[in-house]
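Me: Let us go through this model by question and answer. Please keep it brisk.

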Amino acid sequence: MTNATFAVVGLIPADMAKTLAFYRRLGLDIPAAADSEPHVEVVLPGGLKLAFDTEATIRSFHPDWTPPTGAGRVGLAFAAPDPAAVDALHADLVAAGYRSELAPFDAFWGMRYAIVHDPDGTGVDLFATLPAG
């Protein structure tokens, strides 16, 4: 059996600039010039890539592709340095017009947790470990 290496998570934004603006607010280093590109890759710590492809790019090799309808079944999660940062990130994103699915709360599994949607409706979790005690 040949092994494969998990290397890329791909997103297909309806509006590249709006989607990249959202992920910049979460700390990803994405140049402003990328807003008009058909394909953008961001190398994450550890080497995994987060890729963004326009709908036109996907249709260039998969002409029958259509955007999914309904809620997605994938989520992304961003670790914050501490619980207060979860609250601050959530507040910043909501103030910028992004939709909150879950306001920050202390989860039973020991994390401060919140969920905000990116411009295409993908749930993006924000979390930080709660102090022991």
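Reply: Accessible areas here come from the Shrake-Rupley method with a 1.4 Å probe. The model is a predicted one.

Me: What share of the exposed area do carbon and sulfur atoms supply?
Reply: The chain exposes about 8200 Å². Of that area, the part supplied by carbon and sulfur atoms is 58%.

Me: What percentage of the residues count as buried?
Reply: Buried means under 20% relative accessible area. The chain has 133 residues. The share that counts as buried is 35%.

Me: In which pattern do helices and strands follow each other along the sequence?
Reply: The chain holds three helices and seven strands. Read along the sequence, their pattern is β-α-β-β-α-β-α-β-β-β.

Me: Which strands stand at the edges of the open sheet of four strands?
Reply: The sheet has mixed pairing and the order S4-S7-S6-S5. An edge strand here has a single partner, so one side of it is left without a neighbour in the sheet. That applies to S4 (75-79) and S5 (100-106).

Me: By how much are neighbouring strands of this sheet turned against each other on average?
Reply: The sheet in question is the open one with the order S4-S7-S6-S5. With direction ignored, the average turn between its neighbouring strands is 20°.

Me: Which residue stands opposite alanine 77?
Reply: Strands of a sheet pair through backbone hydrogen bonds, either parallel or antiparallel. S4 and S7 (residues 123-129) take the parallel sense, over five bridges. Opposite alanine 77, in S7, stands aspartate 125.

Me: At what angle does helix H3 run to S6?
Reply: H3 spans residues 83-95. The helix lies across S5, S6 (111-117) and S7. Its angle to S6 is about 15°.

Me: Which residues of S1 form the covered face?
Reply: S1 covers residues 8-11. Val8 and Gly10 make up its uncovered face. The covered face is Val9 and Leu11.

Me: Which residue of S3 stands opposite glycine 10?
Reply: S1 runs parallel to S3 (residues 49-53), and four bridges join the two. Glycine 10 belongs to the uncovered face of S1. Opposite glycine 10 in S3 is alanine 51.

Me: How far apart are the mean positions of the positive and negative charges?
Reply: Lys and Arg count as positive, Asp and Glu as negative. The chain has 8 positive and 16 negative charges. Their mean positions are apart by 3 Å.

Methods
Residues are numbered from 1 along each chain as its sequence is written. This is a predicted model: local features need pLDDT of at least 70, side-chain atom pairs count only at pLDDT 80 or more; totals for chains, interfaces and linings use all residues. Side-chain values use heavy atoms; hydrogens and water are left out. Buried means under 20% relative accessible area, exposed over 50%, partly exposed in between (1.4 Å probe, protein chains only). The place of a charge is taken as NZ of Lys, CZ of Arg, CG of Asp or CD of Glu. Two strands pair if DSSP finds at least two bridges between them. Axes are lines fitted to C-alpha atoms, for helices over the stretch in contact, and angles run from 0 to 180 degrees between N-to-C directions. Contact means heavy atoms within 4.5 Å.
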